[in-house]
Amino acid sequence: MSTSAAANEVFAANRADGRISLAIAATPSGPSRTHLRESGSLRLRFTHSQTRAALDAVIVNTAGGITGGDRFDLDITVAAGAELTVTTAAAEKIYRSLAWLPQLMIGFDGFRLRRTVDVRLAGNARLLFAEATVFGRSAMGERVSQGQLLDRRRVRVDGRLVFAETVGLDGDIAEHLAQAAVAKRGVAIASVLKLPADEDCAAAVRSLQDRFVGEVGISVWKGFAVARLVAPDGAALQRDLICVLHALGASPLPRLWLN
């Protein structure tokens, strides 16, 4: 066996593979798990929700971290009349060649992340989706000068594509973020999607403008709302994000977000 082939074999043998398959049904006493399967390094734990109308699930990676070549799959089904909130146990740190779906993603210098989120909804389903990214930890003087982010998001309702976007940053990320049309030197960004939504949702977020640390904007069209957030650091972003989610009706938030 050649040296390169042996190295590839060792690399493949040390990659993590995790899968979660979950189904939630509605019952008179609240949402109930009808199916749960865990394999590899992924586990799902449930916290006691503050309301019986919703179920909180926490994704845990027992491998202790994500490295290039790891593969993780989530398959989650929520039946009509049931409500489920999914979060992660902590922020995921994305170093060079690392990839994951985090609660709040921290990208370090040289990181490379390609991610696809595909949401399929029934016609009467509701969705509140938030994704936050921090480029380096400002308090520790970190700067992301090089990296790559390719984030694809698709939402389908009854099989029909209703929302699609791709966020891409490549090369000198710090230089890109410094541009006024991108982040105006902010290093923390987030997007929030709510469906269905109306102008009252936008008004609720805009009424909080004096409370935001960073910049927040929201638009409503074709029955859904999209909010964009830019902040000078991760702490400011999380504070603004919690305000936006509360304004859009996310109450209570996952308990781990508030710890």
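Start by selecting D151 in this predicted model. Is D151 buried or exposed? Its relative accessibility is 1%, and buried means under 20%, so D151 counts as buried. D151 lies in strand 11, which covers residues 147-157.

Now add R115 to the selection and show both side chains. A polar contact of 2.6 Å joins the side chains of D151 and R115. What else does D151 touch, leaving aside its neighbours within four places in sequence? Besides R115, select E131, E165, T166 and V167, which are also in contact with D151.

Next, go to A25. A25 sits in strand 1, residues 17-27. Then pick A79. A25 and A79 are 54 residues apart along the chain, but their C-alpha atoms are separated by 5.0 Å. Now show the contacts of A25, again without the neighbours within four places in sequence. They are G30, P31, S32, T34, A79 and A82.

Last stop: a sheet. Select strands 3, 4 and 6. These three strands form an open sheet in the order 3-4-6, with mixed pairing. Which strands stand at the edges? Strand 3 (42-47) and strand 6 (84-88) do. Each has a single partner strand, so one side of each is left without a neighbour in the sheet. Look at the twist too. On average, neighbouring strands of this sheet are turned by 30 degrees against each other, direction ignored.

Zoom in on strands 3 and 4. Strand 4 covers residues 55-61, and six bridges join strand 3 to strand 4. The two strands run antiparallel. To see one facing pair, select L42 and N61: L42 stands opposite N61 in strand 4.

How values were computed. Residues are numbered from 1 along each chain as its sequence is written. This is a predicted model: local features need pLDDT of at least 70, side-chain atom pairs count only at pLDDT 80 or more; totals for chains, interfaces and linings use all residues. Side-chain values use heavy atoms; hydrogens and water are left out. Two strands pair if DSSP finds at least two bridges between them. Helices (H or I, at least four residues) and strands (E, at least two) are DSSP runs, numbered from the N terminus. Axes are lines fitted to C-alpha atoms, for helices over the stretch in contact, and angles run from 0 to 180 degrees between N-to-C directions. Buried means under 20% relative accessible area, exposed over 50%, partly exposed in between (1.4 Å probe, protein chains only). A polar contact is a pair of N or O atoms within 3.5 Å; within protein, one must be able to donate a hydrogen and the other to accept it, and residues adjacent in sequence count only if both atoms are side-chain atoms. Contact means heavy atoms within 4.5 Å.
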